[in-house]
Amino acid sequence: MSDVIRDMDRLTEAVSKMSLEARADSIASRRRRNPEIPAAAWTARTVVQGNEGTAIAIVLSTIGCSHARDENGGCTMCSYLLDGTEAPVTADDLVKQFRTAMMRVSDADGPLSVKLYTSGSFLDPEEVPPQARGEILQLISSDSRVQHVVIESRPEFVIEDAVVEVRQALPDVFVEIGMGLESSNDVIRLLCLNKGFTRAEFISAVETARRHGIGTRAYVLLKPPFLTEQEALTDAVETMQDAAEMGVTTVSVNPVNIQRHTLVSQLWSRGAYRPPWLWTVVEALQRARMFLPVGVRIECDPVAGGTHRGAHNCGDCDGAALDAIRRFSLTQDLRTFDGLDCHCRPRWHHVLEHEGASLVVHY
Amino acid sequence: MSRFEIERGHDGPARRGRWVSPVGIIETPFLLGPPNIKDVDAVYIVPDHDILTQVSQPTVLVMPTLLSGRSAGEDILSERSPLVAAPSVVGASAVSSEMVTALIREQLHMAGDHDDPSRVVLRLPPIDDMALLGPLVTEAHNIGVRAALLQFDGMLGRRDLNSVIIRSMLPRNWLTIAVGSIEPCLVPLLSYIGIDGFDVSRADEAARRHERLWQNGTECVTSIHDARFCACTACTMATDSAEGDLESVLRGHNIHIYRTVLSEAVHARSRGLLRWLVESMTHVSPGMATFLRRVDRAVYPYIEEFTPTVGPSYLPLIGPESYHAAAVARFRQRLAERYSPPEDKQIVLLLPCSARKPYSESRSHRRFIETIESALQGARSAVAEVVITSPLGVVPRELERLYPAAQYDIPVTGDWDAEEIRIAAEALRTHLSKFSSDVVVVAHTSGGYADVLRAAQDDIDQSIIYTIQGGSATSDEALESLRETLSDVGGLLGLQVSYEGRSDRRRRRPRNALVGETLRATADFQFGPGAGSLLVPDSARLRGRLYATVTCTVEGQQLCSYVGSTGLLSLTLAGARRISSLGNYWVRFDGETLRGGSLFAVAVTDADPLIRPGDEVIVLNTDGEVVGVGRSEMSGREMCEFDNGRAVSIRHKE
Ligand code: SF4
Ligand SMILES: [Zn+2]
Ligand SMILES: [Zn+2]
């Protein structure tokens, strides 16, 4: 891959700077949130370990992702940092946030799936102090309904001690650590996304988790900036295959959506980026499902799907495409895509074939 | 080594030529497209694992990107292709200057590593900070790169304009290819600004949208039977056979339209009418009209530099786009900079233009001239006849046979728009400021011509006498008024002289003063101020008629001749020596003496950057001696930048 690029450092530095500039003073103007209330929480009916149950997703309000906080600018497509808060958040606050959120499922029937998001890394001791981490895990383990837990973290925090702590706190629960692999291609991840970690670091995190019987979810980004539609499709499929080979338990495909104060949104507003076509999402899911082992789930729920800021097609077929994608995520059944077609599909084929020639963004 | 070889035949920066590389030749201008479009002149391939193996046509351009990495067959493909694009990324038009620089540096590395850097095509994104590209292009040139890809998104906005500006910054001997979404109607304009290759992938995109492209827009087609009539093979075959894949029929039709429009552009260029074609295409959409105006404003010096100073025998100037066309604007500018009136003029007579050119051969001007002569009885030479016209502004009688004054044709309604009035008033103001404030301005103008004078009169120092209140300038009444006015003014100024009787200085003035004045004014206009008095001194003997040929001889030696059909002077070697001291319009070549009828650019060591295609030029040898005269076939800068192509067609040589 990198055989083509000569001066990777120079390029990544330029991207990092642009990302930082796009972020600019947006961080300073972050909302001061009530530190005792989570940034968001929602529930949904879902399948938990093969049985009908409830999923609760909780976004803890923290100081934000370590990678985005420091001077390298953070990832080029992500403004989760803005969901964080300027106010100092103590360990007690975080525990309170968790308790508050869990009240939403106080009456729910089991089994429960708890997805614990932080706009960063749950395993980062600076973002979530060890004391809070311990108490929250304790609270989860004391709820017998919980059978599935997802936490999120950058791979550099998925280290032996942290994984052991999680395993010991939740010995009988299926735990998955979600990590943004985004792309298995180092050039794309480091250069286009300014992600800041290598493929090797990700693999080591997956292995650390696996050694302790903890699963991993690889977030795969569909259409990083500077990639043509065709390149994005190829890269997403390759990444899913690679992730499966690395041993992840679930692959979650995230088509890029335009988040404020990011390099991607800057490109987008200057007509230099288009979020992926839903056809590309469908195609990627189909190809990957054929290649990946049956045991590895493939999920996708396009944020802002069908809008200009998210993955979209022509407008006529977006609803049907999104339905099919969501249904597929539940069933893993490729037949959900049968019969999906639209007058815009040939145009999408044109984009795949020609964008690379002109490198003019095709809409 | 590969290079762009230029052929004769300029019209603006547009040119004809060929790309010659060890692995293939591409004649320009050419259409280029992906392998699924048949009948393009050149096929490009984006190396991709899936399609590399399926390509059967000879590939002309390989276009890898920076992020796909190298695929298996790519190297073999690249070896066989006359052109290989340097890899870049999508979206580069909106990144920081630092990032653009880094991306282009990657391309320079790639070119530097290539066996034959001259086959590498630089990709230049349409960034706003274009100044940034200058040094990088120079560096690429030094590495050996001779071609560039420019992006057009087809929105005719700032990015497309940026690409045009970037084109104007590139060395002339680079091949330039436009890629992206290029509507057929944009092809003549892009050709005009010097694009050699045109991506027609839009033909495919439109086909997939079930659209037929036309020169003036698109047509949605659900069934070819209900569609507009079209005689192209794709459409007729489809109508005849019941079945047929609509998409491929439309693709065939669309490429046919590109062919048609490109051949139209080629034909127009060969007749010197490319600008006219470009202007006529602006009526396709307001966007096109806006775009041409922006292009004219942004890169006028570039367009002017390559616009020939001679042109077609008939030049239609139809809309406001013509007001600032290079041939027109340059005429106004040169007149302002180079013309100085003969000193002994005492009356400036402002006249309306005529449809027939040159003006003096029109019925109306014949009557004006008769009236002047009858009013002043032989003292016509005291009158500076100045024709007011749009969009040239003003044309003095002496220069009425020059291109484009003798060739232009405009729609005439009698009403002038504000811009026409502004342009002509400006020209008139400048023109009159060159005359003594003692001369009397006689305005034989009405309608729009009178509006021009009204707009200018506050800045005119001379006294102005109006001959008509309104109505036609050629009515018997108006002509009588003109006669009376001239007669009165002439009387006051003491102009009515009979040559036999009087002995004042005016007596020396020959009856055909206009001939000498014409040659002098033409010399100044062609070669710069001062040339007239050098080439046509008082002692010169002039023989011939302005509508045919006039030879100018001094002490038995011919210096130049005036050719009525072009309104231009041809120099003899003696004439060239006389004006070489002015330091204009010279071409220096590497050698002692000229051989053959042409001087080729490869031999040119230096040339006056003032030279435009079609100019009369003086050829100097290594020692700076005048050894030839001829007609330039390219601009001065091109003579220096090209190492091939005909620079000068030699007429006389030592
Ligand atoms: S994508 Fe993840 S790692 Fe990157 S800035 Fe956002 S939260 Fe941090
Ligand atoms: Zn659609
Ligand atoms: Zn047709």
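Tutor: Let us begin with a cut-off: a residue is buried if its relative accessible area is under 20%, exposed if that area is over 50%, and partly exposed in between. Please keep in mind that we are looking at a predicted model.

Student: Why is B:His253 called buried?

Tutor: The relative accessibility of B:His253 is 0%, and the limit for being buried is under 20%, therefore B:His253 counts as buried. B:Cys235 can be treated in the same manner, since its relative accessible area of 2% makes it buried too.

Student: What makes B:His253 a donor of the zinc ion (ligand 3)?

Tutor: A nitrogen, oxygen or sulfur atom is taken as a donor of this metal if it lies within 2.8 Å. The atoms B:Cys230 (SG), B:Cys232 (SG), B:Cys235 (SG) and B:His253 (ND1) lie 2.0 to 2.3 Å from the zinc ion (ligand 3), and they are its protein donors. Along the chain these donors follow the spacing C-x1-C-x2-C-x17-H. Because B:Cys235 belongs to helix α7 (residues 233-240) of chain B and B:His253 to helix α8 (residues 246-270) of chain B, this pair ties together parts that are 18 residues apart in sequence.

Student: Why is the site of the zinc ion (ligand 3) called tetrahedral?

Tutor: For four donors, the word requires that all angles lie between 85 and 135 degrees. The angles among the four donor atoms of the zinc ion (ligand 3) are 99 to 120 degrees, and the site is tetrahedral. For comparison, the ideal angle for four tetrahedral donors is 109.5 degrees.

Student: What is the geometry at the zinc ion (ligand 2)?

Tutor: That site is tetrahedral as well, with angles of 103 to 116 degrees among its four donor atoms. The coordinating atoms are A:Cys314 (SG), A:Cys317 (SG), A:Cys342 (SG) and A:Cys344 (SG), at 2.2 to 2.4 Å, and the spacing of these residues in sequence is C-x2-C-x24-C-x1-C. A:Cys314 sits in the loop between β8 (297-300) and α11 (318-331) of chain A, and A:Cys342 in the loop between α11 and α12 (345-358) of chain A, so the pair ties together parts that are 28 residues apart in sequence.

Student: Which of the words buried, partly exposed and exposed fits A:Cys314, and which fits A:Cys342?

Tutor: A:Cys314 has 26% relative accessibility and therefore counts as partly exposed, whereas A:Cys342, at 13%, counts as buried; the cut-off that separates the two words is 20%.

Student: Why is strand β10 (residues 175-180) of chain B called largely enclosed?

Tutor: Six of the six residues of this strand are buried, so the rest of the structure largely encloses it. In a regular strand the side chains alternate between the two faces of the sheet. In β10(B), one side carries the buried residues B:Leu175, B:Ile177 and B:Val179, and the other carries B:Thr176, B:Ala178 and B:Gly180, also buried, which leaves both faces covered.

Student: How do you know that β10(B) pairs with strand β9 (residues 147-152) of chain B?

Tutor: Pairing calls for at least two bridges, and β9(B) and β10(B) have six, in the parallel sense. One of the residues to look for is B:Ala147, whose bridge partner in β10(B) is B:Leu175. From β9(B) the chain passes through helix α4 (residues 158-169) of chain B to β10(B), in a right-handed β-α-β crossover.

Student: What joins β10(B) to strand β11 (residues 197-199) of chain B?

Tutor: Two bridges join these parallel strands, which meets the requirement of at least two. In β11(B), B:Gly197 is the bridge partner of B:Ile177. The β-α-β crossover from β10(B) through helix α5 (residues 187-192) of chain B to β11(B) is again right-handed.

Student: Why are β21 (541-544) and β24 (568-571) of chain B said to stand at the edges?

Tutor: The open sheet has the order β21-β22-β23-β24 (chain B), with antiparallel pairing. Each of the two strands β21 and β24 has a single partner strand, so one side of each is left without a neighbour in the sheet. The twist from one strand to the next averages 25 degrees.

Student: Why is B:Thr65 called buried?

Tutor: B:Thr65 has 5% relative accessibility and therefore counts as buried, as the limit is 20%. B:Thr65 lies in the loop between β6 (59-62) and α1 (74-80) of chain B, and its contacts include A:Glu231, A:Gly356 and B:Pro87.

Notes: Residues are numbered from 1 along each chain as its sequence is written. Chains are lettered from A and ligands numbered from 1 in the order in which they are written. This is a predicted model: local features need pLDDT of at least 70, side-chain atom pairs count only at pLDDT 80 or more; totals for chains, interfaces and linings use all residues. Side-chain values use heavy atoms; hydrogens and water are left out. Helices (H or I, at least four residues) and strands (E, at least two) are DSSP runs, numbered from the N terminus. Buried means under 20% relative accessible area, exposed over 50%, partly exposed in between (1.4 Å probe, protein chains only). Contact means heavy atoms within 4.5 Å. Donors are N, O and S atoms within 2.8 Å of the metal (3.2 Å for Na, K and Ca); water is not among the atoms, so sites may look incomplete. Four donors count as tetrahedral if all angles lie between 85 and 135 degrees; four count as square planar and six as octahedral if opposite donors are over 155 degrees apart and all others between 65 and 115; anything else is irregular. A crossover is right-handed if, with the strands pointing away from the viewer, the path from the first strand over the helix to the second runs clockwise. Axes are lines fitted to C-alpha atoms, for helices over the stretch in contact, and angles run from 0 to 180 degrees between N-to-C directions. Lists of a residue's contacts leave out its neighbours within four places in sequence.
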